[in-house]
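The following exercises ask you to read a structure step by step, starting from one residue and ending with the whole chain. Each task is followed by a worked solution.

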Amino acid sequence: MIPIESTLDLHTFRPAEVRDLLDDYLEGACNKGFEEVLIIHGKGSGVLRQRVQSILGKHPLVLGFRQAEAWRGGWGATVVFLRHCHSGDGEPDTSPST
């Protein structure tokens, strides 16, 4: 299990691990109350960035995402905006959406 912090660096993971890793990480980040996280995928050829953004685009906990600012990694990182899924009292938010 990876520690859930506001940034996830994918440099040490194999591409085959990315989907499950992102699922676990996003769920953990949402449960911790993060509204925004940073995924570092590196610049390289852009294959990992495309894979990450494809997963994010279909993920139920993701409201949206964008390229990171230059000081946060530019096109080597993606800023992810998460749905509110935590009530702040240790229990999942079960209130109806408006």
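**Exercise 1.** Determine which residues Leu82 is in contact with, leaving aside its neighbours within four places in sequence, and decide whether Leu82 is buried or exposed.

*Solution.* In this predicted model, and with neighbours within four places in sequence left aside, Leu82 is in contact with Leu26, Ala29, Cys30, Phe34, Glu35, Val37, Leu61, Val62 and Leu63. The next step is to place the residue, and Leu82 belongs to strand E4. Its relative accessible area is 4%, and because buried means under 20%, Leu82 counts as buried. As a distance check, the C-alpha atoms of Leu82 and Phe65 lie 8.8 Å apart in space, while the two residues are 17 residues apart in sequence.

**Exercise 2.** Describe the surroundings of Thr78, beginning with its place in the chain and ending with its bridge partner.

*Solution.* Thr78, too, has its place in strand E4. Its relative accessibility is 0%, so Thr78 counts as buried. Not counting residues up to four places away in sequence, Thr78 touches Val37, Leu38, Ile39, His41, Gln53, Leu56, Phe65, Arg66 and Ala68. With one of these residues, Gln53, there is a polar contact from side chain to side chain, at 2.9 Å. Finally, Thr78 is the bridge partner, in E4, of Gln67.

**Exercise 3.** Work out in what order the 4 strands form the sheet, and explain why strand E1 and strand E3 are each left with one side without a neighbour.

*Solution.* The order is E1-E2-E4-E3, in an open sheet with mixed pairing. Strand E1 (7-9) and strand E3 (62-67) stand at the edges and have a single partner strand each, so one side of each has no neighbour in the sheet. Ignoring direction, neighbouring strands of this sheet are turned by 20° against each other on average. For the pair E3 and E4, the strands run antiparallel and are joined by 5 bridges.

The helices can now be set against these strands. H1 lies across E1, E2, E3 and E4 and runs at about 155° to E2, whereas H2 lies across E2, E3 and E4 and runs at about 155° to E3.

**Exercise 4.** Identify which members of the largest nonpolar core touch the most other members, and which elements each supply at least two residues of this core.

*Solution.* The core has 21 residues, and those that touch the most other members are Leu8, Tyr25, Leu26, Val37, Ile39 and Val80. Helix H1 (18-31), strand E2 (36-40), helix H2 (47-58) and strand E4 (77-82) are the elements that each supply at least two residues, and the largest share, 7 residues, comes from H1. To examine one of the listed members in detail, take Leu8: not counting residues up to four places away in sequence, Leu8 touches Ile2, Leu21, Leu22, Tyr25, Leu38, Ile39 and Ile40.

**Exercise 5.** Summarise the chain by its pattern along the sequence, its buried residues, its contacts and its accessible surface.

*Solution.* The chain contains 2 helices and 4 strands, which follow the pattern β-α-β-α-β-β when read along the sequence. Of its 98 residues, 36% are buried. Among contacts in the chain with a separation of 6 or more, 56% are between residues 24 or more positions apart. The accessible surface comes to about 6,100 Å², and carbon and sulfur atoms account for 52% of this area.

Conventions
Residues are numbered from 1 along each chain as its sequence is written. This is a predicted model: local features need pLDDT of at least 70, side-chain atom pairs count only at pLDDT 80 or more; totals for chains, interfaces and linings use all residues. Side-chain values use heavy atoms; hydrogens and water are left out. A nonpolar core is a set of buried Ala, Val, Leu, Ile, Met, Phe, Trp, Tyr and Cys residues joined through side-chain atoms within 4.5 Å. Buried means under 20% relative accessible area, exposed over 50%, partly exposed in between (1.4 Å probe, protein chains only). Contact means heavy atoms within 4.5 Å. A polar contact is a pair of N or O atoms within 3.5 Å; within protein, one must be able to donate a hydrogen and the other to accept it, and residues adjacent in sequence count only if both atoms are side-chain atoms. Accessible areas come from the Shrake-Rupley method with a 1.4 Å probe; for residues, only the protein chains shown count as cover. Two strands pair if DSSP finds at least two bridges between them. Axes are lines fitted to C-alpha atoms, for helices over the stretch in contact, and angles run from 0 to 180 degrees between N-to-C directions.
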